[in-house]
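Reader: Could we go through this model together? I should like to begin with how its helices pack.

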Amino acid sequence: MTVVDRKAAVEYLVDELGRSERKACALTSQPRATQRYSSTRLFDPRLQERLVALAGERRRFGYPRLHMMLRREGFAVGRRRVYRLYRTLGLKLRSKRRRHGARAPRGRLPASTAPNERWSMDFVSDQLCDGRTIRVLTIVDEFTKLCPALEVDTSLSGLRVARALDRAIELYGKPRLIVMDNGPEFTSKALDQWAYARGIQLHWIAPGKPTQNGFCESFNGRLRDECLNDHYFTTLDDARQKIEAWREDYNEVRPHTSLDGLTPDEFVRRAGGIPPGAEKDSKTTPITLEVSESVE
């Protein structure tokens, strides 16, 4: 019997059967202090309504990130209270069961210590409403968690990857090293020549070891969970607009737990300002990539 049940039982014995409170508490093993206690916590309907609204807008956010969003909006509320409301209102996320494979040692690069020290790249696939497959080139800075670009098309060659990187570098600066898997777009001559011309080192992970590109794999999971699975893409332009809107939200609005609740954009600015070349009005002229599609 819970505390609430015992409290109701005591009230029944007192009101309906005429027992004294002392005897009713003794019969139900309810401490009298507990029976007489009344909460002084003020009920804030605005907090509950806003929590429900945020959970509806950000359906894959758990209570820690929703708490950050509420604090950012000015609600003076603790994390435990948000958790209680989150559970009471039935907003708990459905967890996904993970398959456990054999344990084996995995090679890892040293952790990044500065913006633009290392970027990671990968591809994510999805479908339009007519069944056509689209591919998304994902790029993420391993230190700041910033996403410089998301390139969307039905097919993306090595040359298109290089052009997307040029546009990202024009806005956010040049990385020293880029980590990627062994896909044909990433091992193409076009991308190799592009990296050599710009003095950027390319690092390919071991075949069959996606965990060596864990930062981008984690980012891909967020992209699929919060954007691709949450939208219905009618056309290629529609997919590009919605995915780009999510990228802007990820960089500028979405709090990141590994950044102590900051957005990647806030973290970049607080960690020492925008990296060189990151200003949107940059005068940098991109180098023309003199590589033809046939080199792939």
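**Helix packing**

Author: The helices α4 and α6 are roughly perpendicular to each other, a label for angles of 65 to 115 degrees, with under 35 counted as roughly parallel, over 145 as roughly antiparallel and the rest as oblique. The model is predicted, so local features need pLDDT of at least 70 and side-chain atom pairs count only at pLDDT 80 or more, while totals for chains, interfaces and linings use all residues. Residues are numbered from 1 along each chain as its sequence is written, and side-chain values use heavy atoms, with hydrogens and water left out.

Reader: At what angle do α4 and α6 pack, and how far apart are their axes?

Author: The angle is about 65°, and the axes of α4 and α6 (residues 79-88) are 11 Å apart. Axes are lines fitted to C-alpha atoms, for helices over the stretch in contact, and angles run from 0 to 180 degrees between N-to-C directions. Helices (H or I, at least four residues) and strands (E, at least two) are DSSP runs, numbered from the N terminus.

Reader: Which residues make the contact?

Author: From α4 they are L47, Q48 and L51, and from α6 they are R81, V82, L85 and Y86; contact means heavy atoms within 4.5 Å.

Reader: Now the loop after α4. Is R58 buried or exposed?

Author: R58 counts as buried because its relative accessibility is 17%; buried means under 20% relative accessible area, exposed over 50% and partly exposed in between, with a 1.4 Å probe and protein chains only. R58 lies between α4 (45-57) and α5 (63-72). Leaving aside residues up to four places away in sequence, R58 touches M69, D249 and V253.

Reader: On to the sheet. What is the strand order?

Author: The open sheet has five strands in the order β3-β2-β1-β4-β5, with mixed pairing. Two strands pair if DSSP finds at least two bridges between them. β3 and β5 (201-204) are the edge strands, each pairing on one side only.

Reader: How many bridges join β1 to β2?

Author: Nine, and β1 (residues 118-127) runs antiparallel to β2. F123 stands opposite L137 in β2. Strand β2 (residues 133-141) also pairs with β3 in the antiparallel sense, over five bridges, and R135 has D153 of β3 as its bridge partner.

Reader: Why is β3 described as largely enclosed?

Author: Five of the five residues of β3 (residues 149-153) are buried, so the rest of the structure largely encloses this strand. A149, E151 and D153 point one way, and L150 and V152 the other.
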